[in-house]
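Here is a structure to walk through at an easy pace. Keep the sequence and the 3D view open side by side, and follow along.

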Amino acid sequence: MSRPKNQNYKGHGLSKGKEREQRASIRFKTTLVNTLTDVLRNRPGWVEVKDEGEWDFYWCDVSWLRENFDHTYMDDHVRISHFRNHYELTRKNYMVKNLKRFRRQLEREAGKLEAAKCDFFPKTFEMPCEYHLFVEEFRKHPGITWIMKPVARSQGKGIFLFRRLKDVMDWRKDTRNSDDQKEELPVENYVAQRYVENPYLIGGRKFDLRVYVLVMSYLPLRAWLYRDGFARFSNTRFTLSSIDDQYVHLTNVAVQKTSPDYHPKKGCKWMLQRFRQYLASKHGPQAVEALFSDMDNIFIKSLQSVQKVIISDKHCFELYGYDILIDQDLKPWLLEVNASPSLTASSQEDYELKTCLVEDTLHVVDMEARLTGKEKRIGGFDLMWNDGPVSREEGAPDLPGTGNFMTNTHLGMQGRLHQ
Amino acid sequence: MRKAQGSWEKRILKSLNSMCTELSIPLARKRPVGQQKELLNKWNEMGTDEPDLSLFRPVYAPKDFLEVLINLRNPNYENGDSLSFRTHLGLIQVPLKVKDIPELKECFVELGLNTGQLGIDDSTQVPPELFESEHVRIGQKVLAEQDSAAAQQYIRQGSPTALRAELWALILNISSQPEDILYYEQLKTNVIQHDLLVDSLIYKDVKLTASNDDYYFVFEDYLYQVLLCFSRDTSVLAHFAYNSASPPKSYIRGKLGLEEYAVFYPPNGVIPFHGFSMYVAPLCFLYHEPYKLYQTFREMYVRFFFRLHSISSHPSGIVSLCLLFETLLQTYLPQLFYHLREIGAQPLRISFKWMVRAFSGYLATDQLLLLWDRILGYNSLEILAVLAAAVFAFRAVNLMEVTSLASAEAVLADLSTLKVMPLLQIFLFATVT
C-alpha cells in the first residue's frame, strides 16, 4: 500500500549539498582495540592507516582530540568520532549547569509543567563553588544519603557515599592536605548528588541501564537511539546499611570486576530486551511503555540542553553511553552520559552487541555514501530526533499532538533486522 | 517398568549413601543455634555463601538416566528377529503407544494455522487488532470470572505476559490463603533448624547451573529459598501415589531395617539431580513473593516435572516422550534420522537433555514461558517431544552435512534464538505427511 510522499519530510542531511563522491577505499585510523578494531578491519573497502598517514575516518580518544583537533585540517568528507567540546554533556558539573540553565529557559518559555520534564536528574551541587547551596539543601533533608563523584573520572573511581556533613568536612581536609603536599595533583572538581535511595531491585540487586545514543549533528539536532543495551547488576544484595560497601552501590562493571564475589562467567548483565520483558511481566505493558517514553524524554532533553553550546562541526559525530537508574516508582534518573562508552566486550553476547553497535554506527555515518537520507531505521538504530520528533509510522508527517503520534524509538524491542 | 524404576532408585540411593560415607557427613543433623541465627539473617542472600562444595558431586545427571532408559526391555515382548520397516531404529526399545502426526494434530488443534497464537500473531509486524487485543481482553475476562477450566482452554493459545502469573495460579489452583503462607514459613523454619546433606547438593546444583546462566543468575537467592524448602515438604510425598517411583527411605542411626524408625529421605522424597534447579528458574520471572513462587513450583513439579525423571509408561512420562520423539523423527524425517544414526549421533542423545529439563535454560525465557503455557493448557508434556523433533526438522539441512556426534551437537548447541510456536506449527500443520 503506497502512501503519498510527504514533502515536508526532511532527510537527515547526508545527501544534501553537492554530490558526494564515492571513494574506492576509506582509510581509517584508531588506537582503541577489541570490537572496534575487529569491525573496522573487517569492513570492506576500509584500510587501516598507521602512524602519520592521511585518514578519512578517525575513531579517536578524547585526549587526542583535546590536543589536536584545533590544528587539524579536515576535508569535507572526513569524519571523526567526537565533538570538540563534548564535555559540556559528559562532564558531570557542566551537564548539571547546562541542564539547570535549560530548565530555567523552558520554564520561562513554556511554563512549569514543561520544565518539570527536566527533573530526571537528582539534585546536584558543584563542589566547591556551590558548597553553601549544598549545605542548605543538606540541612533541609536530614538523614538522606548523598553521593560524591569526581567530575572527570570514570569507572567508579573516587566515588563515595555519605550521610553526615562531618564526612564531607573530613574529606575536604584530606584532599586539601594532599594538595599541599603534592602540587602536581590537579585540583579536582566534584559534584555532590542526592543518592537515589529506592532503586528498583531485581533479585535483590541494584542495577543501572546502559543505553546508546548516536548524535550526528547538534545544529540541527539529529540523534539515533540504539535498540539494544544492557542492565548492569551489582553483585551483592542492595542495602542502605552499608554505604561503605562500594560493591553494593556501584554498578560499573569495572568496580564489580574487583569484587570478591565476581565470577567472570556470570557477566552480571542482562540485555535490554530481557529486562523489558521482565518488567512487562511484572507491571504490564503500559507501565513499561511509560517508563521507556520517560527515558526518551531524558535523551532528548539532555541533548537539547547542550545544543547551543556544543560546537556543531559537520565532521563530528558521537556515540554516547547513557547511564540510567530506575527507582521503585519506575521513574528513570539520569546518572551520567559517557562520551567514550566502553567497547571492550565482557562476554560473547556482549561482544556481539558491541560489534553490531559499531557496525551500525558506521552504517549511519555512511562514509560510503550509500544512504538516501530518508531512512528512519538503520540496523539497530532508530532515528529518534530529526530537528523535531520523529514518528514511528512510515511516511506519516512528524507532528506530535496529532492523535496517534508514537515516537520512533524501540528500546529493548526486537533487535537488528539482519543477523 | 516398576522393576526398572526400582533398580534405578537403588542405584541413586547407593550413590547418595556412598557420598555420605566418603565425606562423613550425616544425611541430616540439627543445626546448632548459632548457625540457625546466621542462616535466618542470611535468608535473603544465601547466594553470597560460598561453602566448599568441591567434594560434592551431583547424584546423577540426565545422561546417566538416559543410559538406564536405553536398556529398558520388556521381557514379554517378542519383536521377531527380522528387520522390517516397522523396526524402531532409535534408542528406546520399549513398545509404548505414541501418537503420530495426524493424532497430534487432533490433540493440539488450537495450535493450528487458522487459530491465532501468542508467539506468532503478536509479533511486531502483525497489527494488534487482528488477534492480540481481543485475546488479552478475553484473558482478563477469564481472570475476572476466576474460571480455572476456561483458563486452561484459553492458555492453549498462549498467555499475554502481563496475565501469565495469575493465569497459571488459576490453572494450578494456587491460593494465597494465610494457611499457605504459614505453611511456607513452617518449611522455612525446618530449613533453619535442620541441615540436610541434600542441601549441599542443591547448593551445588544452583551454583553449577542457574548461577552460571546469563539470565537466571539474578534469581540465585530465590532458588535456594524454594528448593531448600521443597526438600522438606512432606506434602510432596502424596504425589508418589501416582508416580511409579517411590521415595527413598532412610533409617535412624543404628536402627537399620526396623520399619518403625524409617523416614523418607529427603523428607519430600525427591533427590535432586544435575539441572534440577532449572525447573524453578523460569518461574522467578513470574512470581516474586517467595511463597507464591514456591507453591507454583511445587504444583508444577507434582503435576508435570516428576514425570521427566521417573520411569513409567505414562504418555507424558519421559520414556514415552523419548519414544514419541524418535518415532516422529524416524517416520517423518527418515533421511535425517538414518544419516544421524549412521554417523553415531543418535538424535535422542542430543534431545534428551532438552526434554528432561522441559527446555529450561535452552530456550530464551519468553519462548520457554510460551511453551510451558501449552503444557498447562494441554495438561501434557508431549509437546516437549514434538518441539524437539521440530527443532531437528528446522536444522535438518545443516545436520545432514555433519559427520560426527560432536558436530551434530554443535549445530544444535544454541537454541536461544528459536521461536517455538512457528516451529511447532510448521512441524505439525505445514509439513507434508
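Let's start with charges: a search over all chains of this predicted model turns up 31 salt bridges. A few of them are worth visiting one by one.

Go to chain A and find Asp70(A) and Arg84(A), whose side chains meet in a salt bridge with N to O at 3.0 Å. Asp70(A) sits in the loop between helix 2 (62-68) and strand 4 (79-80) of chain A, while Arg84(A) is in the loop between strand 4 and helix 3 (87-90), so the pair ties together parts that are 14 residues apart in sequence. Is each partner buried or exposed? Asp70(A) has 56% relative accessibility, so it counts as exposed. Arg84(A), on the other hand, comes in at 17% and counts as buried.

Still in chain A, look for Glu130(A) and Lys100(A), another salt bridge, with the closest N and O atoms 3.9 Å apart. Here Glu130(A) is in the loop between strand 5 (124-127) and helix 6 (131-140) of chain A, and Lys100(A) belongs to helix 4 (residues 92-110) of chain A, so this pair ties together parts 30 residues apart in sequence. Lys100(A) is partly exposed, at a relative accessible area of 30%. Salt bridges can also join up into a network, as they do for Arg103(A), Glu107(A), Lys112(A) and Asp119(A).

Now hop over to chain B. Lys99(B) and Glu382(B) form a salt bridge there, and their closest N and O atoms are 2.9 Å apart. This pair links distant parts of the chain, 283 residues apart: Lys99(B) lies in the loop between helix 3 (62-70) and helix 4 (101-107) of chain B, and Glu382(B) is in helix 16 (residues 382-394) of chain B. Glu382(B) is buried, with a relative accessible area of 7%, whereas Lys99(B) is partly exposed at 26%.

Staying with chain B, let's zoom out to its domains. The domain assignment gives domain 1 (1-60 + 176-307) and domain 2 (62-76 + 83-116 + 310-432) of chain B. Where they meet, 26 residues of domain 1 are in contact with 30 residues of domain 2. The area buried between these two domains of chain B is about 2400 Å², and carbon and sulfur atoms give 69% of it. Which three residues supply 32% of the area that domain 1 of chain B buries against domain 2? They are Met1(B), Phe304(B) and Arg307(B), and no other three residues supply more. On the domain 1 side, the largest share of the residues touching domain 2, 4 of them, comes from helix 1 (residues 2-23) of chain B. As for polar links, there are 0 salt bridges between domain 1 and domain 2 of chain B, but 5 residue pairs are in polar contact across the interface.

One last stop: helix 11 (residues 290-303) of chain B. At 1.5 Å a residue, its 14 residues should span 20 Å, and the end C-alpha atoms are indeed 20 Å apart, which agrees. Why call helix 11 of chain B largely enclosed by the rest of the structure? Because 10 of its 14 residues are buried. Among them are Tyr291(B), Leu293(B), Phe297(B), Arg298(B) and Met300(B). What covers the buried residues of helix 11 includes helix 7 (164-171), helix 8 (178-193), helix 10 (220-231) and helix 15 (365-378) of chain B.

How values were computed:
Residues numbered from 1 in each chain as written. Chains lettered and ligands numbered in written order. Predicted model: local features only at pLDDT ≥ 70, side-chain atom pairs only at ≥ 80, totals over all residues. Heavy atoms only, no water. Helix = DSSP H or I, 4+ residues; strand = E, 2+ residues; numbered from the N terminus. Expected span 1.5 Å × (residues − 1). Buried < 20%, exposed > 50% of the residue type's maximum accessible area, 1.4 Å probe, protein only. Contact = heavy atoms within 4.5 Å. Domains from an automatic or database assignment. Buried area = accessible area lost by both parts, 1.4 Å probe. Salt bridge = Lys/Arg side-chain N within 4 Å of Asp/Glu carboxyl O. Polar contact = N/O pair within 3.5 Å; in protein donor to acceptor, adjacent residues only side chain to side chain.
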